[in-house]
Amino acid sequence: MPAPKPDKQPPDKQPPKDQPELLQGTLEVMILRTLSRAPNHGYGIARSIELASGKALTIEEGSLYPALYRLEKRGDLASDWGTTDANRKAKFYSLTPRGQDKLKEQVALWERLSTAVHRVLAGEPTPERAQ
Amino acid sequence: MSRTLLRSLFSFDPRPTSEVEDEMRAEFDTHLAMLEDELAQQGLDPTTARQQALARFGNPTRLAREGTAIKLGDRIMLQRINLALLLVVGAAVIFLLVHNQRMTSRNMQTMEQLSATIAVLQERTQAAPMFEPAGPPQKLIYLEGLVAMPGAYVIPPEGITLRRAIAAAGGLHPDARSIHLDYGQPDMTDITLSASDDLPTRDDPRLAANDIVTVSSDLYTGIPTFNPETFDLNDSTLLDRLAKQDAPLGRMVSRRSEIKASLEEAAGRWGSDHRDVRSAQVMLKGADTAIRSRIIELSGKLKRAERPNSSSSIPSSEQDLAVRVSISGLVAKPGTYSFAKSASVRDLILQAGGINTDQPLTVMVTRARDGQREGTSISKNALHNPECGNLWVDNGDIVRVSASPEYSTNPVVQPVESPMCYVAGRVHRSGPYAIPKDGVTLMRLLSTCGLRDGATTVTHTRGLNGASHTIEIAKLMKGDAADIPVAGMDAIEVR
């Protein structure tokens, strides 16, 4: 899973001070990951991310939506109005095949990156140097 | 990148902005409602739950704005590009229209100039006798009405005067009564001369470009608003002008001014109610009536009978007939003749007493309706043939019979440089003559023009304002009087 990252965002978009902001790309990867399990609506995605990150990552929930729209616009997501278990009308987002590919790419990238970052932090030599 | 752009260009949300926004709002509302439910389950009261839900969610208005920018940004950009393109195309169309309009008006101007040029050229080709062949630049004068060859004439380099111009146009028709000179220059006042009295005695006015000489059988040419029924008898200028043209009228006018003077004197002495004043008023009224009826008479048919040297033999009963045609030249009795309906040239010549020469003659008809000319040939013998002279004449036409070997609408063609002299009077061919390079003498000139029977004297005027002297033709022919050279601008009048 992607690690939280400190960030510098414009002041008007700042979340509560003790909460680290998410990079846009990070949020998108998390959305894709969440939706790879099952289609969900905005509220569900927010809860899911909150749960998965162990509440370490509480986002301003509304900022999910610009990210969702951007992904939808790019064709990574599809959306449709549906009904929740509580019989509420909500818009459900699902992953398109393109979105699935994107997720795989991003996950691989994130893993490489986080490994590298982890190594740097642990003071281990890079694999290239080791050889 | 370009694929993304292409797809977004062709796959943008087609819905109106408000609908897209409403959908986002609905989505946000669901989310907020779910958050509220969650918080309420944690035991918060509804108001606090709502506040906390909003705090966690963020500002829906800002988010909706951001969402619209993401969802419709491409479309808005495309619309802007569209608008910009539309403006550019619109500007181009307007520019083309304006340009086209300008070109059209420029073309129209060119066309107008061309058609004006064509009109002038046509006029020149049709326009009749010229002092010299057409060549730029030409200053024209116009002679119309009762001259033998009306038309546009080119002013020769030395200039021309009224009498010479009339001579150049073949002289006055016997019916001519007034000559109206309409100066082409706006600052000159038109003048009207009496053809019979004024012309020989008065200074010969010089003509300039665009002058119009109108010769008319009417006394009133040049007085455009003149109406004999209503005109003001106290307008002494007009009255004097008319009085000069008719001796009885002159006597009436002077008698009227005597009455008027004594009337004014008596009224001053005794007041307007006095018996003598009233009788003078009656006399004045009588004089007015007499003058008016004399003028009406003069303007009507009787003036023909009054014409000096009248050679016309129209019985007065024929005067109201429909077709009146004037004939001049080599016929026994030139003058004006009337016909009940259209007549042929042959009828007219027979009416005018036939032809008194055996040589073949030229007949030129100047149409009253449009000033156009038509010509034909005729001879004395041919007059017996009813087919001959089968050219119809109509009301107001002027017919000239001359001995020129062939008719032409442009009978006088002269080299540009040649100086001209002008011959009028009792000759067969009056008009302008070019002086040959080696000069010409009076006697040679007269034989060129052909003296008519009864010609006795010739008056030779040197130059425009030079001395003139009269020679008896018999003496000239016998050699008793010296033959003199004729130069440019000389005027020769045979009587």
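**Figure 1. The accessible surface of chain A comes to about 7900 Å² in this predicted model.** Carbon and sulfur atoms account for 54% of that surface. Chain A runs to 131 residues, and 37% of them count as buried. You'll find five helices and three strands here, laid out along the sequence as α-β-α-α-β-β-α-α. Take the contacts in chain A with a separation of 6 or more: 47% of them link residues 24 or more positions apart.

**Figure 2. Helices α2 and α3 of chain A, seen close up where they cross.** Helix α2 of chain A covers residues 42-52, and helix α3 of chain A covers residues 64-74. Their axes come within 11 Å and cross at roughly 110°. Since angles of 65 to 115 degrees count as roughly perpendicular, α2(A) is therefore roughly perpendicular to α3(A). The crossing of this pair, α2(A) and α3(A), is right-handed. On the α2(A) side, look for A:Gly42, A:Tyr43, A:Ile45, A:Ala46 and A:Ile49. They meet A:Leu64, A:Tyr65 and A:Leu68 from α3(A). Sort the α2(A)–α3(A) contact by class and you get seven nonpolar residues, one polar and no charged ones.

**Figure 3. A:Ser79 and its surroundings in strand β2 of chain A.** Strand β2 of chain A takes in residues 77-83, with A:Ser79 among them. Is A:Ser79 buried, exposed or partly exposed? A:Ser79 has a relative accessible area of 23%, so it counts as partly exposed; the cut-off for buried is under 20%. Skip the neighbours within four places in sequence, and the contacts of A:Ser79 are A:Glu72, A:Lys91, A:Phe92 and A:Tyr93. For another landmark, try A:Tyr69: A:Ser79 and A:Tyr69 sit 10 residues apart in sequence, and their C-alpha atoms are 9.7 Å apart in space.

**Figure 4. A:Asn87, in the loop between β2 and β3 of chain A.** Strand β3, on the far end of this loop, spans 89-95. What is phi for A:Asn87? The angle is near 65°, a positive value in a residue other than glycine. A:Asn87 is also exposed, with a relative accessible area of 64%.

**Figure 5. Chain B, with 13 helices and 21 strands.** Of its 495 residues, 42% count as buried. Chain B exposes about 26800 Å², and 55% of that comes from carbon and sulfur atoms. Among chain B contacts with a separation of 6 or more, 62% involve residues 24 or more positions apart.

**Figure 6. Helices α2 and α3 of chain B packed against each other.** Here α2 of chain B (residues 17-41) and α3 of chain B (residues 46-57) pack at an angle of about 125°, with their axes 9 Å apart. That angle makes α2(B) and α3(B) oblique to each other, and their crossing is right-handed. The contact of α2(B) with α3(B) brings together nine nonpolar, two polar and four charged residues. Those from α2(B) include B:Phe28, B:His31, B:Leu32 and B:Glu36, while those from α3(B) include B:Ala49, B:Arg50, B:Gln52 and B:Phe57.

**Figure 7. B:Asn210, in the loop between β6 and β7 of chain B.** The flanking strands are β6 (206-207) and β7 (212-216). Phi of B:Asn210 is near 75°, which is positive in a residue other than glycine. At 46% relative accessibility, B:Asn210 counts as partly exposed.

Notes: Residues numbered from 1 in each chain as written. Chains lettered and ligands numbered in written order. Predicted model: local features only at pLDDT ≥ 70, side-chain atom pairs only at ≥ 80, totals over all residues. Heavy atoms only, no water. Helix = DSSP H or I, 4+ residues; strand = E, 2+ residues; numbered from the N terminus. Buried < 20%, exposed > 50% of the residue type's maximum accessible area, 1.4 Å probe, protein only. Contact = heavy atoms within 4.5 Å. Areas by Shrake-Rupley, 256 points an atom, 1.4 Å probe, with all protein chains shown as cover. Axes fitted to C-alpha atoms, helices over the stretch in contact; angles between N-to-C directions. Parallel < 35°, antiparallel > 145°, perpendicular 65-115°, else oblique. Left-handed = near helix turned anticlockwise from the far one by under 90°. Nonpolar A, V, L, I, M, F, W, Y, C, P; charged D, E, K, R; others polar.
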